[in-house]
Amino acid sequence: MTAIAHSLSRRPLLLGAIGLLGLTRAAGAQQMDIGRASAFIQSTGQELVAAINMAGPVPARRDRVGAILRRAVDVEGVGRFILGRWWRTANAQQQQEYLRLFEEVLIRNLSSRFGEYQGLTFSLGRSQARTEEDVLVSTIVERAGTPAFGLDWRVAEIDGQPKIVDVIAEGTSLRLTTRSEYSSVITRNGNNVQALLGAMRQQIGQLAAREGA
């Protein structure tokens, strides 16, 4: 189980926190306006950077980041996409626990690396319609002493609100990477969804220890 949890925890820096985002065609998805998508990423990014760089105890900063992510991401839709076909084999209790753990992993992956992210800045690049339902917004993330890197954010209009539905880093869709990893954990353990839940609980414990909470 330790090896499984380690495999779920190996993402670097900001990609670790955002790599769990993903969705296909969400229920209630509507056509996304390019300007609205760009403004959404601009404001959400500024909020996240401010929360990461703020002074104060880690739990308070984690709570602030969590509130931003819950508002910006369709957590249930994202989680269900990543679990894929295994969502249908999980019972109701497992589904509920998985979504709770998924949300905590998303938040802890970021809060456990607050020290590494200090001083982050970002700038908007080009925005373009990706499909009829989502827009790709390019950004450049920078931190003193480290190379800048690009993140492309997929934004869709979900039930009247803009939501981040995927992040693409260096040409790689992180939602698909995470889906593959989760599926691999389940299949290596006899197609048992409970094994993934155990690995996620252990991962959360490791991340909590890293941030000193």
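How many cavities of 30 Å³ or more does the count come to? The count comes to 2, and the views below start with the second largest cavity before moving on to two helices. Keep in mind that this is a predicted model.

**View 1. The second largest cavity and its lining.** About 30 Å³ of space sits in this cavity. Ile41, Thr44, Gly45, Leu48, Trp153 and Ile164 line the second largest cavity. Sorted by class, that lining breaks down into 4 nonpolar and 2 polar residues, with no charged ones. Which helix gives the most to the lining? That would be helix 3, residues 34-53, with 4 residues.

**View 2. Threonine 44, one of the lining residues.** Here we zoom in on Thr44, part of the lining of the second largest cavity. Threonine 44 belongs to helix 3. Is threonine 44 buried or exposed? Its relative accessible area is just 6%, and buried means under 20%, so threonine 44 counts as buried. Leaving aside residues up to four places away in sequence, threonine 44 touches Ile68 and Ala72.

**View 3. Helix 7 from end to end.** Helix 7 covers residues 92-111, 20 residues in total. From first C-alpha to last, helix 7 reaches 29 Å, close to the 28 Å expected at 1.5 Å a residue. How many of its 20 residues are buried? The tally is 14, so helix 7 is mostly covered, with buried meaning under 20% relative accessible area.

**View 4. The cap on helix 7.** Which residue caps the N-terminal end of helix 7? Asparagine 91 does the job: one of its side-chain oxygens lies 3.1 Å from the backbone nitrogen of glutamine 93.

**View 5. Threonine 89 in helix 6.** Threonine 89 is part of helix 6, which runs over residues 86-89. Its relative accessibility is 52%, and the exposed class begins over 50%, so threonine 89 counts as exposed. A polar atom of the threonine 89 side chain lies 3.0 Å from the backbone oxygen of tryptophan 86.

**View 6. What threonine 89 meets farther along the chain.** Not counting residues up to four places away in sequence, threonine 89 touches Gln94 and Val193. Asparagine 191 is also worth displaying here: 102 residues separate it from threonine 89 along the chain, while their C-alpha atoms are 9.3 Å apart.

Methods: Residues numbered from 1 in each chain as written. Predicted model: local features only at pLDDT ≥ 70, side-chain atom pairs only at ≥ 80, totals over all residues. Heavy atoms only, no water. 1 Å grid on protein atoms, 1.4 Å probe; cavity = no way out; pocket = protein on both sides within 12 Å on 5 of 7 lines; lining within 4 Å. Points joined across faces, edges and corners; volume = space filled by probe spheres on them. Helix = DSSP H or I, 4+ residues; strand = E, 2+ residues; numbered from the N terminus. Nonpolar A, V, L, I, M, F, W, Y, C, P; charged D, E, K, R; others polar. Buried < 20%, exposed > 50% of the residue type's maximum accessible area, 1.4 Å probe, protein only. Contact = heavy atoms within 4.5 Å. Expected span 1.5 Å × (residues − 1). Polar contact = N/O pair within 3.5 Å; in protein donor to acceptor, adjacent residues only side chain to side chain.
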